[in-house]
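Please open the model in your viewer and keep the sequence beside it. The stops below suggest what to select next and describe what is there.

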Amino acid sequence: MESTVPFLSPVSQSPENHFSFYHNFELFYMENIAQNNYFDQTQTLESAFSGLNVSGYPDLPDSGYQFGGGFARAGQDRNNNVIGEGTKVGPDVESWGAFMYSSYQLGSSRNTEFSILPSSNQTRLLSAAASAAGCTMPFGLNNNINRSSFNTSKLCNNNQTRPHWLHEPLNCLSLGDLRGRLVALAKDQYGCKFLQKSVEKASKEEIDMVFMEVIDHVCELMLNSFANFVVQKVVDVCSEEQKNQILLMVIKNRFRLVEICLSLHGARAVQKLLEKLTTQQQISLFMSALSPGAVALAKDLNGHRVIQYCLKNFSDEDNKYFLTVVANNCYQIAIDKCGCCALKHCLDHSNGEARAHLFQEIIANALNLAEDQYGNYVVQHILELKETQTTESLLRQLQGNYASLSCNRYGSNVVERCLLESEEPLTTRIIVELLRSPIVSTLLLDPFGNYVIQSALSVSKGFVFDALLNLVQDHYPIMRSHSYGKWVLAWFSRRKQLHM
């Protein structure tokens, strides 16, 4: 059995206190070098160790591998990145784990287990070397340290997740050499770039080989941060028949299609696929699979991009079923932060029956939408379109609620938009309703209603303007002492209309 030297409890951060045998070992070591005259007494322990060659490979005399890896050489040599084949030398080592990891690089690169020293002397010499370099050695380690049992997983997590063959240079390989490994290669940061370049200049036979390997994994690859670019490149160069197979694989599971469209990387790959669809049958297949997920897509930023592409590039007939699903769920979509923007795009890029259906459903929910933080933007957008028939329908839906909406943070914006975007007969009708309201005097002092009064003053004419002017004059004393009332008076001051 190999002899071991137990570690003692740490007393301080000094290497001498960490190891009880430190002074005895130093005396033993100095007597030994004095007898053999290995180096001059003026040399330091570190410089002395730099002269030791403990390579485990006698057939590699010029490997330059020295004990201690990163710290056993002089300061100038430490700056070198590589000493010999497979041996890495870094800057000053600040921990025992890093020191052990750097000293084992040669053995791990060869997948060979070997020991630098006999196990009886190994721990002592490693401890002394670590002390000379100013490292601290944790006491939880086994005294007999051998290369096969040392765990470096925490030090090289990046390499651990990559297959070993991905560590080799790929520039000298062809697509044929990587047969059977293309899916794993596509998911690698550097492998995906290699594949993209290779596919660009690949022959038809090589493209067919790549296609056959990725087709069964195309949905998985679309969701990957690196592999989605490979899928896009394959879509660029594949044949029409292969494109059909990719499309069928993507829409095979409608839930998976929605999942892909909701992903940042997947949405990019789907848009590339949509750009390459050339036949009416392909577009119809895709839209029929996409439409059931319209609500989820409209409420997501990435899904919104897919919807935008379809609305802008496909015909009204292609988008008809999709827009029907959106119209039937317009309230749920409109009160969402992203959904309200998607609904506005649907209004802008729809025509005919689908557009009329959208208007009908939004107007039916206009009162509730007007008081919502996001839904009010959809109502305002309808007014901004300035379609006379639609505007009149919307104003009729809000009739009788203008005063209460004016006191609402979001509804007041809708009332102002109604005043600014409507024709004079319609605005007159709204102002008259406000003047007849029992809470009209409250609007003058309301944090939101005062803006509605200012907008009403801006668009009113004739007897309607005179009625508003009389209202302000009647409440002038209280308005002067109220912050929001002063804002209404400031409107008159800017136009020099009020003389009191």
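Begin by selecting Asp-300 together with Asn-302, where Asp-300 caps the N-terminal end of helix H19 through a side-chain oxygen that lies 2.9 Å from the backbone nitrogen of Asn-302. This is a predicted model, in which local features need pLDDT of at least 70 and side-chain atom pairs count only at pLDDT 80 or more, while totals for chains, interfaces and linings use all residues. Residues are numbered from 1 along each chain as its sequence is written, and side-chain values use heavy atoms, with hydrogens and water left out.

Next, extend the selection to the whole of H19, residues 301-313, whose 13 residues reach 19 Å from first C-alpha to last, close to the 18 Å expected at 1.5 Å a residue; that expected span is 1.5 Å times one less than the number of residues. Helices here are DSSP runs (H or I, at least four residues), numbered from the N terminus. Among the buried residues of H19 are His-304, Ile-307 and Tyr-309, where buried means under 20% relative accessible area, exposed over 50%, and partly exposed in between, with a 1.4 Å probe and protein chains only. To see what covers them, show helices including H15 (254-262), H17 (280-290) and H22 (337-348).

Staying with Tyr-309, add Phe-314, with which Tyr-309 forms an edge-to-face aromatic pair, 6.1 Å centre to centre and 90 degrees between the planes. Rings of Phe, Tyr and Trp (its six-membered ring) pair if their centres lie within 6.5 Å, and planes under 30 degrees apart count as stacked, over 60 as edge-to-face and the rest as tilted. Tyr-309 is buried at 18% relative accessible area, and Phe-314 is buried as well, at 9%.

Now move to helix H34 (residues 483-495), which holds both Tyr-484 and Trp-487, three residues apart, about one turn of the helix. Their rings are also edge-to-face, at 5.2 Å centre to centre and 85 degrees between the planes. Tyr-484 is partly exposed at 27%, as is Trp-487 at 38%. Adding Tyr-451 completes a cluster of these three residues linked by ring pairs.

For a last stop, select Lys-386, found in the loop between helix H25 (375-384) and helix H26 (388-398). Lys-386 has a positive phi of about 55 degrees although it is not a glycine, whereas most residues other than glycine have a negative phi. Lys-386 is exposed, with a relative accessible area of 56%.

Definitions and conventions. Helices (H or I, at least four residues) and strands (E, at least two) are DSSP runs, numbered from the N terminus. Contact means heavy atoms within 4.5 Å. A polar contact is a pair of N or O atoms within 3.5 Å; within protein, one must be able to donate a hydrogen and the other to accept it, and residues adjacent in sequence count only if both atoms are side-chain atoms.
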